[in-house]
Amino acid sequence: MRKRIWALFLGVFCTAALTGCGVAEKTVSEKTEPQKVELVVWGAEEDTELMNQIIQSFQMKYEGQADFQISYEVQGESQCKDVLIGGLEEGADVFTFADDQVNALAAAGALDPIENADEIRGRNLPSAVEAATINDQLYAYPLTADNGYFLYYNKRYITEEQVKTLDGILKAAEANNKLFAMDWSSAWYVYSFFGNTGLKVGLNDDGITNYCTWNQKDGDIRGIDVAQAMIEIAQKPSFVSCTDEKFLEGVKKGSVIAGVSGVWNSVAVTKAWGQNTGAAKLPTYSCNGRQVQMASFSGCKLIGVNAYSEYPEWASRLADWITNEENQQLRFEIRGQGPSNMAVADSEGIKKSPAIAALIEQSEFSQLQRVGGKFWDPVTTFAGNMAAGSGRNLQKQLDEMAEGVSAR
């Protein structure tokens, strides 16, 4: 922003000086050289080939309108915020980042509200738009909507009717002496049991600390009801709590026939199960005498434009180009990443991808991951106790978890 203001000042000053000195005005017939535009783009190492292809097509699209010097530099999306805020004026003009960084980037002055916001909102999934929005202002361009989890299942053993409920999945696995896997050592996945119960967790207005009502003692579903449901699931012989790596290992060995994971395992799971590969939204689970739809945390990748860019108009055009329908389709074809663009999400290619289709189906029951750092350890400790069958003093365990999550 400061660079823009300084550039504007210099432009006005120089124009006035030249006019005062009697410099002759250019004739209509004179040709001016295209403006030199230097842009730096940050993104993941795995995106290098794709992004260079997109940058090349952008330069061809606007050929002759500017002398482009656009370079792609590898910068991990999860660390983008810290690196950029450490030196905004030296940072990339256009950058890829995880949606949970948008608040901090905007607060640091790294992002300005997007000018063509209505157009961007109109072509992207509501969940992705929400991920890029702060106080009704759009601050970034949605790029993907695939950072979430859903159910993988082997159709050789489990029917489409059975995958609708966790009870059905566990019974099918037990009948075949197989396993259903889910990682209860990760609080990210454990949110599934609390997310659609009316029990709440989230960020306070300070954007740092959390509130948590997972220990609530009244209501249709109490915290103790969820805890008891988890205990009962853990006691099933066909259930195993294991890491994502162990889940994939079980899939390959044939011991695991269903589990909760994400699109990053799609290729490996399909290779192991072949035509029997199935994917669906998360099932319902039994809680306090009813079926509760399992929830999920969701996330997106976003493209930001540095508010300190010397070429804000061209940087914005490039961000828009990277995230348009054509290039999100290309991203899906080359990288297998789930689109935020509604037209691509509704395409035949996506419908033929069980993993992406399941993730989009699950998005109706997902919530953006907006929790502070104190969330993770207390929830992991609690869930570990549930997985171990530690059913004593459940309310006390819930209270300790909620207190830890809400600690200041």
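## Sheets, helices and a ring pair

Let's start with strand 8 (residues 179-182), which runs parallel to strand 11 and is joined to strand 11 by three bridges. What sits opposite F180 in strand 11? The bridge partner is F239. This is a predicted model, where local features need pLDDT of at least 70 and side-chain atom pairs count only at pLDDT 80 or more, while totals for chains, interfaces and linings use all residues. Residues are numbered from 1 along each chain as its sequence is written, and side-chain values use heavy atoms, with hydrogens and water left out.

A quick word on terms: helices (H or I, at least four residues) and strands (E, at least two) are DSSP runs numbered from the N terminus, and two strands pair if DSSP finds at least two bridges between them.

**The sheet with strands 8 and 11**

- Five strands make up this open sheet, in the order 11-8-12-7-13, and the pairing is mixed.
- Strand 11 (239-241) and strand 13 (277-280) are the edge strands, each pairing on one side only.
- Ignoring direction, neighbouring strands here are turned by 20 degrees against each other on average; axes are lines fitted to C-alpha atoms (for helices, over the stretch in contact), and angles run from 0 to 180 degrees between N-to-C directions.
- Helix 7 (residues 166-175) lies across strand 7 (150-154), strand 8, strand 11 and strand 12 (256-261), at about 130 degrees to strand 8.
- Helix 11 (residues 266-273) packs on the sheet too, touching strand 7, strand 12 and strand 13, and its direction makes about 15 degrees with that of strand 7.

**The other five-stranded sheet**

- Here the order is 2-1-3-17-6, in an open sheet with mixed pairing.
- Strand 2 (67-74) and strand 6 (141-144) stand at the edges with a single partner strand each, so one side of each has no neighbour in the sheet.
- From one strand to the next, the twist averages 25 degrees.
- Strand 1 (residues 36-43) runs parallel to strand 2, joined by eight bridges, and V40 stands opposite S71 in strand 2.

**A hairpin**

- Strand 14 (residues 284-287) and strand 15 (residues 290-293) pair in the antiparallel sense over four bridges, with C287 opposite R290.
- Two residues lie between these strands in the hairpin, and N288 in the turn has a positive phi of about 55 degrees.

**Helix 9 and its partners**

- Helix 8 (residues 187-194) and helix 9 (residues 223-234) pack at about 115 degrees, with axes 10 Å apart.
- Helix 8 and helix 9 are therefore roughly perpendicular (under 35 degrees counts as roughly parallel, over 145 as roughly antiparallel, 65 to 115 as roughly perpendicular and the rest as oblique).
- V190, F193 and F194 of helix 8 meet V226, M230 and I233 of helix 9, where contact means heavy atoms within 4.5 Å.
- Helix 9 also packs with helix 17 (residues 376-387), at about 50 degrees and with axes 8 Å apart, which makes helix 9 oblique to helix 17.
- That contact is made by A227, M230, I231 and A234 of helix 9 and F382, A383, M386 and A387 of helix 17.

**Aromatic pairs**

- How many aromatic pairs turn up in the whole structure? The search finds 24, counting rings of Phe, Tyr and Trp (its six-membered ring) with centres within 6.5 Å; planes under 30 degrees apart count as stacked, over 60 as edge-to-face and the rest as tilted.
- One of them is F58 with W314, an edge-to-face pair at 6.2 Å centre to centre and 85 degrees between the planes.
- This pair links distant parts of the chain, with F58 in helix 2 (residues 48-61) and W314 in helix 12 (residues 312-322), 256 residues apart.
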